[in-house]
Each structure stands twice: as structure tokens, then as C-alpha cells.
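I opened my notebook today with a new structure on the screen. Here is what I looked up, in the order I got to it.

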Amino acid sequence: QVQLVESGGGLVQAGDSLRLSCAASGRPFGSYHIAWFRQTPGKEREFVAVIYWSGGATYIADSVKGRFTISRDYAKNTAYLDMNRLSPEDTAVYYCAGSVRAGPIATMTSSNFFTSWGQGTQVTVSS
């Protein structure tokens, strides 16, 4: 499986921007669909965004649409989550996940679909 390592989290103020990175190693990065999820204590992991292996198709959760963007750089084996106009409600641990399988969007938004996970990076947004 591919190994994934997130970075870029931190403490920011409401309205700020952050870029999270997901660096991949191991199996060919280009064969994986990459997604971002987030989780707060006591809640299930929430889908944020997914980018298909081809890089041409993306899907963003309604809760962050218009503020968050997902992308990938094949040369750097890295996927990104650009987060703008952050609010305290975006505070969470953000995880990137990978899967070589693809399915309908409804499936791709489920954390159960992904087999490779990073350790997570904390994002805290103060008001």
C-alpha cells in the first residue's frame, strides 16, 4: 500500500487560509485516488474532498464547497487541500486517504472505502 503523511496543519484565525499537504511514498502515487477527511472528538470521520487518479475529476463536500480546493502534483507525489475563509467549525484533525479502487461518488465519500490513511494533522481555527 501507499504510505501517506499529512502536514501543514496549525492554529489560525477565522478568515485565514491554510494549505495541507499529503505526501505519498511506496506504491505509485498516480494509481491512487486521494481523499481528505476530517474528524472532531466524538464524531465520525467526515468527507471533505476527493480527487481521482487522473487528476481531472474532483468532488468537494457541500459544507466546504467554494472555500476548499483539492489538487495533486504527480512530480512531487503530493496531494493538497487548500482551505480558504476558515471558520471555527473547520477545526478538526484532517486525514488524507488513498484507494486504488474507484466507485460512485456516494461510495467515494465513505471513509470505509479507503485502505490507506495518514496519521492526520490538526487544524485549529480561533474566532
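These entries go from the core to the aromatic rings and then to one strand.

**Entry 1: the core.** I started by noting that this is a predicted model. Which residues have the most contacts inside the largest nonpolar core? I found Trp 36, Val 48, Phe 68, Leu 81, Met 83, Tyr 94 and Phe 114 in that role, within a core of 37 residues. I then checked which strands feed it: E3, E4, E5, E7, E8, E9 and E11 each supply at least two residues. E5 gives the most, with five residues. I jotted down a general reminder here: in soluble globular proteins, nonpolar side chains tend to be buried together.

**Entry 2: the rings.** Next I looked up the aromatic pairs, and the count came to six. How are the rings of Phe 37 and Trp 117 set against each other? Their planes stand at 50° and their centres are 5.3 Å apart, so I wrote the pair down as tilted. Phe 37 belongs to strand E4 and Trp 117 to strand E10, so this pair ties together parts that are 80 residues apart in sequence. I also asked whether each partner is buried or exposed. Phe 37 is buried at 0% relative accessibility, whereas Trp 117 is partly exposed at 26%.

Trp 117 turned up again with Tyr 95: centres 6.4 Å apart and planes at 80°, so that pair is edge-to-face. Tyr 95 lies in strand E9 and Trp 117 in E10, so here the linked parts are 22 residues apart in sequence. Tyr 95 is buried, with a relative accessible area of 13%. Ring pairs join Phe 37, Tyr 95 and Trp 117 into a cluster that also includes Phe 47, Tyr 59, Phe 113 and Phe 114.

**Entry 3: charges over rings.** I looked for charged ends above these rings. Arg 45 has its charged end over the ring of Trp 117, 4.7 Å from the centre. Arg 101 does likewise over Phe 113, at 4.3 Å from the ring centre.

**Entry 4: strand E8.** Why do I call E8 largely enclosed by the rest of the structure? Six of its six residues are buried, so the description fits. I checked both faces: Thr 78, Tyr 80 and Asp 82 are buried on one side, and Ala 79, Leu 81 and Met 83 on the other.

For its neighbours, I noted that E3 pairs with E8 in the antiparallel sense over six bridges, with Leu 18 opposite Met 83. E7 and E8 also pair in the antiparallel sense over six bridges, and Ile 70 has Leu 81 as its bridge partner. E7 and E8 form a hairpin with four residues between them, and Asn 77 in the turn has a positive phi of about 50°.

Note on methods:
Residues numbered from 1 in each chain as written. Predicted model: local features only at pLDDT ≥ 70, side-chain atom pairs only at ≥ 80, totals over all residues. Heavy atoms only, no water. Core = buried A, V, L, I, M, F, W, Y, C linked by side-chain atoms within 4.5 Å. Buried < 20%, exposed > 50% of the residue type's maximum accessible area, 1.4 Å probe, protein only. Phe/Tyr/Trp six-rings, centres within 6.5 Å; stacked < 30°, edge-to-face > 60°. Lys NZ or Arg CZ within 6 Å of the ring centre and 35° of its normal. Pairing = 2+ DSSP bridges.
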